[in-house]
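Visitor: I am new to this structure and would like to be taken through it slowly, with the reasoning spelled out at each step. Could we look at it together?

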Amino acid sequence: MQALTFKRYGKSPEIGFSELPRPTLRPDEMLVEVHAAGLNPIDNMIPSGMFKPVLKFQFPATIGSDLAGVVVEVGDQVTRFKKGDSIFASLFDLGTGSLAEYAVVPERVAAVKPENLDFVQAASIPMVGLTSWQALKERAKVQKGQKVFIPAGAGGIGSFAIQLAKHFGARVGTTTSTGNVQLVSSLGADEVVDYKKQQFEKTLRDYDMVLGTLRGDEIERSINILKPGAKIVSLVGPLDAAFASARGLNFIIRFVFGLMSRKIMQLAAKREVSYSFLFVRPDGGQLSEIGVLLGQERIRPVIDKVFPFGEAKEALEYLAQGRAKGKIVVKMK
């Protein structure tokens, strides 16, 4: 089968198409014919070696995490799905990828594709949906009436997280460029800061949570808009010692991650707020709950551009520009 792979970590990972054997299944796995694969920024970060100590791959490694497709074979222990079912899933952190004609999907990470979504729309959801769910509901426990700051509201994660936070009853603040103000407002944002005209930390006040989605000094600046007892949940780092411990990493890496997060931890402590780094995990049960919201049209996919499979590498290059409004999806079929 054809797959988009990388052959090594570093500046020259040799990203390109490879002919790989059709995967074999364990008893709790399904073979899925991939119809579409959603892209995420981490798909470009992994080949660089940025997450080499954390994520394990065998080379050539297939790129991509999100997919939507049709089950063509099931293992002996699979009970929730059968051949012919349409599913969507995230394969992130499982040592495999989605930019391929076929993918092995453990039953526990899959959910039934909402009937009102096509495969492209469904493939755009898993990682941003699960990340938003785990950050807002699990980690921050967002309550009705609380104020949540989600920067870069027009991006892939922002466009979903705004809608989910509104579903939970929160008031949402975000940043975007002038041309995207109408988009983020239509998604439910209550306070919109045009970052080309204003600095958000001089405009927003008394927030209960920040969802860290941008690198650089954005997270440090966001501390100024929080009230005591608030939470920062970062998706982009710095990585912290708690994350290293949860992954079972050795003492040296735990120490390094602790040093990396020391500054933000100290700044947060001064404002009496907490900081944590979140690494999304695949979860078919949560994805099923998200699927219900999508089926009820309480949340809608936001897609910027669709690329054919033959242009998957170009799709990753487009993603790296960081200008997409919503998600980028590769269509296989």
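**A covered strand and its surroundings**

Guide: Strand S7 is a good place to begin in this predicted model, for S7 is mostly covered, with 5 of its 5 residues buried.

Visitor: Which residues of S7 are buried on one side, and which on the other?
Guide: Both faces of S7 are covered, so the residues can be listed face by face, a residue counting as buried when its relative accessible area is under 20%. On one side these are Tyr 102, Val 104 and Pro 106, and on the other Ala 103 and Val 105.

Visitor: Which residue stands opposite Val 104 in S7?
Guide: The pairing to consider is that of S7 with strand S3, residues 29-38, where 5 bridges join the two strands in the antiparallel sense. Within this pairing, the residue that stands opposite Val 104 is Leu 31.

Visitor: Is Ser 98, in the loop between S6 and S7, buried or exposed?
Guide: Ser 98 lies in the loop between S6 and S7, and, leaving aside neighbours within four places in sequence, Ser 98 is in contact with residues including Val 34, Thr 62, Asp 66, Leu 91 and Met 332. Because its relative accessibility is 0% and the limit for this class is under 20%, Ser 98 counts as buried.

**The open sheet**

Visitor: In what order do the 3 strands of the open sheet stand?
Guide: The pairing in this sheet is antiparallel, and strand S1, residues 2-6, pairs with S2 over 4 bridges. Strand S2 (16-19) and strand S4 (61-62) each have a single partner strand and stand at the edges, so one side of each is left without a neighbour in the sheet. The order is therefore S2-S1-S4.

Visitor: Which residue in S2 does Thr 5 stand opposite?
Guide: S1 and S2 run antiparallel to each other where they pair. In S2, the residue opposite Thr 5 is Gly 16.

**Salt bridges**

Visitor: How far apart are the closest N and O atoms of Arg 8 and Glu 14?
Guide: Arg 8 is partly exposed, at 39% relative accessibility, and Glu 14 is also partly exposed, with a relative accessible area of 41%. The two form a salt bridge, for which the nitrogen must lie within 4 Å of the carboxyl oxygen. Here the closest N and O atoms are apart by 2.5 Å.

Visitor: How many residues apart in sequence are the parts that Asp 93 and Arg 247 tie together?
Guide: The side chains of Asp 93 and Arg 247 meet in a salt bridge, at 2.6 Å from N to O. Asp 93 lies in the loop between strand S6 (86-90) and strand S7 (102-106), and Arg 247 in the loop between helix H7 (241-246) and helix H8 (251-260), so the pair ties together parts of the chain whose separation in sequence is 154 residues.

Visitor: Which strands hold Lys 147 and Glu 191?
Guide: Lys 147 forms a salt bridge with Glu 191, with the closest N and O atoms 3.9 Å apart. This pair links distant parts of the chain, 44 residues apart, for Lys 147 is in strand S9 and Glu 191 in strand S11.

Visitor: How many salt bridges does the count come to?
Guide: Salt bridges that share partners join Glu 201, Asp 217, Glu 218 and Arg 221 into one network. By the rule of a nitrogen within 4 Å of a carboxyl oxygen, the count of salt bridges comes to 15.

**Helix H11 and the whole chain**

Visitor: Within what arc do the buried residues of H11 fall?
Guide: In helix H11, residues 312-320, the buried residues are Ala 312, Ala 315, Leu 316 and Leu 319. What covers them includes S1, S2, helix H1 (42-48), strand S15 (303-308) and strand S16 (327-331). Seen down the axis of H11, the buried residues line one face of the helix, because they fall within an arc of 100°.

Visitor: What is the radius of gyration of the chain?
Guide: The chain has 11 helices and 16 strands, and of its 333 residues 55% count as buried. The globule rule gives 20 Å for 333 residues, and the chain comes close to this, so it is as compact as a globular protein of that length; its radius of gyration is 20 Å.

Note on methods: Residues numbered from 1 in each chain as written. Predicted model: local features only at pLDDT ≥ 70, side-chain atom pairs only at ≥ 80, totals over all residues. Heavy atoms only, no water. Pairing = 2+ DSSP bridges. Buried < 20%, exposed > 50% of the residue type's maximum accessible area, 1.4 Å probe, protein only. Rg over C-alpha atoms; globule rule 2.2 N^0.38 Å. Arc of directions from axis to C-beta. Contact = heavy atoms within 4.5 Å.
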